[in-house]
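Please open the model in the viewer and keep the selection panel at hand. The tour below proceeds from one selection to the next.

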Amino acid sequence: MVDNRQQWKAWLYLAPAIVLLLIFTVWPIINTVVMSFMEGYSGLLKAGGQASFSIGVNNFARVIGQPTFQQSLKNTILLCVLTVPISTVLALLIAVALNSIKVFQKGLQTVFFLPYVTNSIAIGMVFAAMFNIIGNIGTRREVISSYGVINDLIRFISGNPNPKNYINWINNGSDYWANMFVMVVYIVWNALPFKILVLLGGLQSINKQYYDAAKVDSTPRWRVLTRITVPLLSPMLAYVVITGFIGGFKEYTSIVGIFGENMGPAHAPGRMNTMVGLIYDSLEQNKQGEASAAALILFGIILVVTMINLWVSKKKTHY
Amino acid sequence: MKIVLENLTKIFPSRNKKSNDEVIAVNNFNFEIPDGKLIGLLGPSGCGKSTTLYMISGLQKPTGGKIYFGEDDVTELSTENRGIGLVFQNYALYPHMTVKQNILFPLQNLKGADKMTKEAMLERAYEVAKLVQIETLMDRKPSELSGGQQQRVAIARALVKMPRVLLLDEPLSNLDARLRLQTREEIRRIQKETGITTIFVTHDQEEAMSISDMIVVMKLGVMQQIGAPQDVYDSPANLFVAKFLGTPPINVFEGRVQGGKLFIGDAAVMDVNSVEDQDVHVGIRPEGFIVDENGPLVCNVSNVEVMGRDVSVVSTHENSENPIIRSIINADERMNVAAETVRYTLKPHKVFLFSKETEERIYF
């Protein structure tokens, strides 16, 4: 314990951080809660001199009543439920593989970590180009058709050159599930490096003697993975899944990266919108009250999901 | 099943590629471990005893030489296929499994013809648990067990698949003194009951001497002596072995042999007719002294510790290589506790001579 007479020093050292947190984190959170319960609140009205607003829950009702809310919630939940398990399992397998090789381990670690330090909008644009059907360009005499790298790959593998077999991934007229597939691939790819890093760190801190013991016990490889590695890694896995869900519910930039600000293919703007996207939309329309209400709803969902996660992981993780 | 080590060598390459300071952990071992015996690999830390054990287990690959289990050459065989049980120094029990799951684990790995039914596995697990007396702890996690209990679980896990060889790496080092005494007798009992050839590694000579059928004394990767504990104690091959075995440790004097007599300082303490004249190390076991008013070896008494059954006399002598000389005298001899000097004659079979240069034993 710090000596009581010396405590003012501790507070002094903490002061810069506390002041910044109070101004930029704590106050906005309080303000969000307050705004969400104000009827007809708008930043413009407030700036225009209207000092008081009546209090009520209409903001919440309006947010939930919007047809876009249901679409956004569905998208967000779908993305979470699909990407978190896929990326966790993939990250586990890659981390185990990385941990077991000796040569190139450092180099490959760098390669797998690269997406983490790359701008996700930039990655999104690359993915968009890969899945894009750019279509026909050039003069009437000389038409150049491009269908995106992925479609080219499909053509190469299937050997069927008929353009009718190409999948319209994200362009005008594309299917919802094609859009969703692209998003899942992109988000999983984007989420891998952090998960691999955490799991690899966890793997390297497992006492090697357990593996020696497993060898002495003639344990087959698959059983070593499922009965020893995964249980001993369970605290890390729980961490990765929980942060994965929290991050998944806040998915936004990845959609912008692929579809741009339309949040959907040209014929159906907003179809791929997420909860965070909905909040930004409300802000753009100067409906701060509704945006705050949506933010609180999202917070509530994340809270409940995280509690469930913690409850499950407490039962399933060891020590 | 007997185990034969043939020219077994392990060299750890130097970490720095430019320098050439590779470490020879195990240097050209040759010995045979008879079937069904308990063998102690004994030596100070860094002598290669654990490396030898891990090479027998297959977890480390020898740089040279061969290992035979019975008539089979297992040198190239992987650990999984050697059919050994190994108890690690800190037990390496799987922390997320209960005691029962830990013991069942090796059985669940059995394949093909060895595959067992669930009932048979449980029966075997309980059988082994009974042997090591942990059958009441089966549903606990390792973290809920004491060190001694964990150790017994580790032995049970190693024994449950009926290994051809049981290996124990410093099995008692994590236990307190009382538990250590108890557990080492337990290990002895279990080994006798199962009859499995067992090799254990220790740096504690008392531990090795007390339960082994045979001990192998090692130093810096070189085997010094192998034999029954009492034989090695009674007839050490060199000064290192003599010093390493025995508590209290052997007393060593600078001496010389002249005209068939052994001198310590100016005193002729013993006849050694067959030895040529030379300077020697004289090792005298603490129990090799007889208090005698006319004895030739005169020591200055610094302390007399009365322990009931025995009296331990702590004294000094200018030719002693150790700071103190400790002799153990039967309490019946009634020595004068207040005296400043004590005179000893020596029991010849408790006195060993070692060459000054090679430190090898000179027999007389």
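Two strands are said to pair if DSSP finds at least two bridges between them. With that rule in mind, note that the model is a predicted one, and begin with a sheet in chain B.

**Stop 1: the sheet.** Select β13, β12, β11, β14, β20 and β21 of chain B; in that order, these 6 strands form an open sheet with antiparallel pairing. Strands β13 (267–271) and β21 of chain B stand at the edges, each with a single partner strand, so one side of each has no neighbour in the sheet. Strands of a sheet pair through backbone hydrogen bonds, either parallel or antiparallel.

**Stop 2: strand β20.** Select residues 351–355 of chain B. Is this strand mostly covered or mostly uncovered? Strand β20(B) is mostly covered, with 5 of its 5 residues buried. In a regular strand the side chains alternate between the two faces of the sheet. Here V351(B), L353(B) and S355(B) point one way, while F352(B) and F354(B) point the other way.

**Stop 3: the partners of β20.** Add residues 278–284 of chain B, which form strand β14; 5 bridges join β14(B) to β20(B), and the two run antiparallel. Within this pairing, H281(B) has F354(B) as its bridge partner. Next, add residues 361–362 of chain B, strand β21, which is joined to β20(B) by 2 bridges, again antiparallel. F354(B) is the bridge partner of R361(B), and L353(B) is that of I362(B). The hairpin of β20(B) and β21(B) has 5 residues between the strands, and E359(B) takes a positive phi near 60° there.

**Stop 4: the interface.** Now display chain A together with chain B. How many residues of each chain are in contact? The contact involves 21 residues of chain B and 18 residues of chain A. Between them the chains bury about 1,900 Å², of which 58% lies on carbon and sulfur atoms. Select E80(B), H96(B) and N109(B): in chain B, these lose the most area to chain A, together 29% of what that side buries.

**Stop 5: polar and charged pairs.** The interface holds 1 salt bridge. Select K161(B) and D217(A), whose side chains meet in a salt bridge at 3.8 Å, N to O. Across the interface there are also 9 residue pairs in polar contact. Finally, select β6 (84–87) and α2 (99–108) of chain B, each of which supplies at least two residues of the side that touches chain A. By class, that side of chain B has 12 nonpolar, 6 polar and 3 charged residues.

Definitions and conventions:
Residues are numbered from 1 along each chain as its sequence is written. Chains are lettered from A and ligands numbered from 1 in the order in which they are written. This is a predicted model: local features need pLDDT of at least 70, side-chain atom pairs count only at pLDDT 80 or more; totals for chains, interfaces and linings use all residues. Side-chain values use heavy atoms; hydrogens and water are left out. Contact means heavy atoms within 4.5 Å. Buried area is the accessible area (1.4 Å probe) that two parts lose on being put together, summed over both. A salt bridge is a side-chain nitrogen of Lys or Arg within 4 Å of a carboxyl oxygen of Asp or Glu. A polar contact is a pair of N or O atoms within 3.5 Å; within protein, one must be able to donate a hydrogen and the other to accept it, and residues adjacent in sequence count only if both atoms are side-chain atoms. Helices (H or I, at least four residues) and strands (E, at least two) are DSSP runs, numbered from the N terminus. Ala, Val, Leu, Ile, Met, Phe, Trp, Tyr, Cys and Pro count as nonpolar, Asp, Glu, Lys and Arg as charged, and the others, Gly among them, as polar. Buried means under 20% relative accessible area, exposed over 50%, partly exposed in between (1.4 Å probe, protein chains only).
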